[in-house]
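Please take a first look at the structure shown here. A short report on its pockets, strands and selected residues comes after it.

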Amino acid sequence: MEVRAIVLAAGKGTRMQTELPKCALKVIDKPMAEYVADSLKKAGVEDIVTVVGYKRDVLEAILSGKTKFAHQEEQLGTAHAVLMAEPLFRGFQGMTLIALGDMPMITPETYAKLIEHHALTKADLTVLTTDHPRPGGYGRIVRNKNGEIVRIVEDRFCTEEQRKITEINSSVYLVDNQKLFSSIREIGNDNSQKEYYLNEIVEIFRRKGYRVSVFKADDYQELSGANDLVQLSEMEKYLQEKIIKKFLSSGVAIRRPETVVIGSEAEIEPGALILPGSIITGKCRIHKNATVGPFVQVEDSVIGEGANVSFAKIKASKVEDNAEVKFVEIIGNEITGRNLA
């Protein structure tokens, strides 16, 4: 089963109060949309189209070489955004995974499980859902007495009874490409926002007799989005705790981990020691028995085995094995021996 992807990333994100497109905002050290593209590729989805709109040049620069692009001039809803990608999917006979550029915490493993579930159930459409302890703001999954999904109701349109539903729509879908684009124009905009909501595809597919399935993710935090800087901060905290825990579990010693920042692409070998106040971002590699910190910023650099770096900024550089670096700022260089300010 061949799978391609459409990533929706055209929105401005007014509540973020920033000039950047919403999906260009960083979580730790990487833009949200880049997390999504990287996770999809790790899940085996190579052909990706990102739908961009507001300040599209910013996202096109971020995702250059990783995805193709479609343009949504007016933000008229999620179904309209998907329709903008149709010329790049015309004739494709496989499955299309529709993802959100502002939902960066979904792991490659979750995308892979979604694809596997879709294939096993022989579905025409699979909706990614989760049980959320705070479902307010999310669309609710409405099921019939047999447990089958029958529709998705946006939060603003929920009845009091529907608001009690904790299973929420992630707005991530895996769908037969031909059936998607033969049905999507049946979605109307008869609502207060005058937008075309993609979640209506569930009712359309059921009416046509197509098979609609649900895959429920275990970790609701993966499926949590960010609509303002408070939620973005919570998302960053969640991801940072996951990264720190991963390294601690693998044999990396981290003192006062609540003061340490480690990016998602950093590689740290077991036996390394990270001291308080350290910030490790970008494509870094820290070898075993190295000590980083206290108060060190390392970006896109290599710290050799047994090296000791403290009170320093190291960017785009290499610190050789057993070198000692203190009280310096070094950018684009190779460091050997002792470097003391």
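What follows is a brief tour, from the open spaces to the buried parts.

The model is predicted. Every value below is computed from it.

## Pockets

Rolling a probe the size of a water molecule over the atoms shows where empty space is left. The table sets out the two largest pockets.

| Pocket | Volume | Lining residues by class |
|---|---|---|
| Largest | about 1,700 Å³ | 16 nonpolar, 21 polar, 12 charged |
| Second largest | about 420 Å³ | eight nonpolar, three polar, seven charged |

Begin with the largest pocket. Its lining has 49 residues. Nearest its centre lie Arg15, Lys22, Leu100, Asp102 and Asn227. Which helices and strands each supply at least two residues of this lining? They are strand E1 (3–9), helix H3 (78–84), strand E10 (167–176) and helix H7 (229–249). H7 provides the largest share, with five residues.

Now the second largest pocket. There are 18 residues in its lining. Lys42, Thr107, Pro108, Leu239 and Ser264 are the closest to its centre. Helix H1 (32–42), helix H4 (108–120) and H7 each contribute at least two lining residues. Which helix gives the most? H7 does, with five residues. H7 therefore holds the largest share in the largest pocket, and it also gives the most to the second largest pocket.

## Helix H1

H1 helps to line the second largest pocket. How enclosed is this helix? Nine of its 11 residues are buried, so H1 is largely enclosed by the rest of the structure. The buried residues are Met32, Ala33, Glu34, Tyr35, Val36, Ala37, Asp38, Ser39 and Leu40. Charged side chains are on that list too: Glu34 and Asp38 are both buried. After H1 comes glycine 44. Its phi is positive, near 100°.

## Strand E7 and its partners

Strands of a sheet pair through backbone hydrogen bonds, either parallel or antiparallel. Strand E7 shows both kinds of pairing. With E10, E7 pairs in the antiparallel sense over seven bridges. With strand E11 (residues 212–217), E7 pairs in the parallel sense over six bridges.

Leucine 128 takes part on both sides. Valine 172 in E10 stands opposite leucine 128. In E11, the bridge partner of leucine 128 is phenylalanine 215.

Why is E7, at residues 125–131, largely enclosed by the rest of the structure? Six of its seven residues are buried, so the strand has little on the outside by this count. E10 has a second role as well, since it supplies at least two residues of the lining of the largest pocket.

## Isoleucine 149

Isoleucine 149 belongs to strand E9 (residues 149–153). Is this residue buried or exposed? Its relative accessible area is 2%, so isoleucine 149 counts as buried. Leaving out residues up to four places away in sequence, it touches Val127, Ile141, Val142, Arg143, Val202, Arg206, Val212 and Val214. One of these contacts, arginine 206, lies 57 residues away in sequence. In space, the two are 9.1 Å apart, C-alpha to C-alpha.

## A parallel sheet

Five strands form an open sheet. Their order is E13-E16-E19-E22-E25, and the pairing is parallel. Which strands lie at the edges? They are strand E13 (261–262) and strand E25 (329–331), and each pairs on one side only.

Within the sheet, strand E16 (residues 279–281) and strand E19 (residues 296–299) pair over three bridges. Isoleucine 280 has valine 298 in E19 as its bridge partner.

## Serine 310

Serine 310 sits in strand E21 (residues 308–310). Its relative accessibility is 5%, so serine 310 counts as buried. Its contacts, not counting residues up to four places away in sequence, are Gly293, Pro294, Val296, Val325, Lys326 and Phe327.

## Cysteines

A disulfide is a covalent bond between the sulfur atoms of two cysteines. How many disulfides does the model have, with sulfur atoms required to lie within 2.5 Å? The count comes to zero. Two cysteines are worth a look for their burial. Cysteine 23 has a relative accessible area of 3%, which makes it buried. Cysteine 158, at 9% relative accessibility, is buried too.

Key:
Residues numbered from 1 in each chain as written. Predicted model: local features only at pLDDT ≥ 70, side-chain atom pairs only at ≥ 80, totals over all residues. Heavy atoms only, no water. 1 Å grid on protein atoms, 1.4 Å probe; cavity = no way out; pocket = protein on both sides within 12 Å on 5 of 7 lines; lining within 4 Å. Points joined across faces, edges and corners; volume = space filled by probe spheres on them. Helix = DSSP H or I, 4+ residues; strand = E, 2+ residues; numbered from the N terminus. Nonpolar A, V, L, I, M, F, W, Y, C, P; charged D, E, K, R; others polar. Buried < 20%, exposed > 50% of the residue type's maximum accessible area, 1.4 Å probe, protein only. Pairing = 2+ DSSP bridges. Disulfide = S-S within 2.5 Å. Contact = heavy atoms within 4.5 Å.
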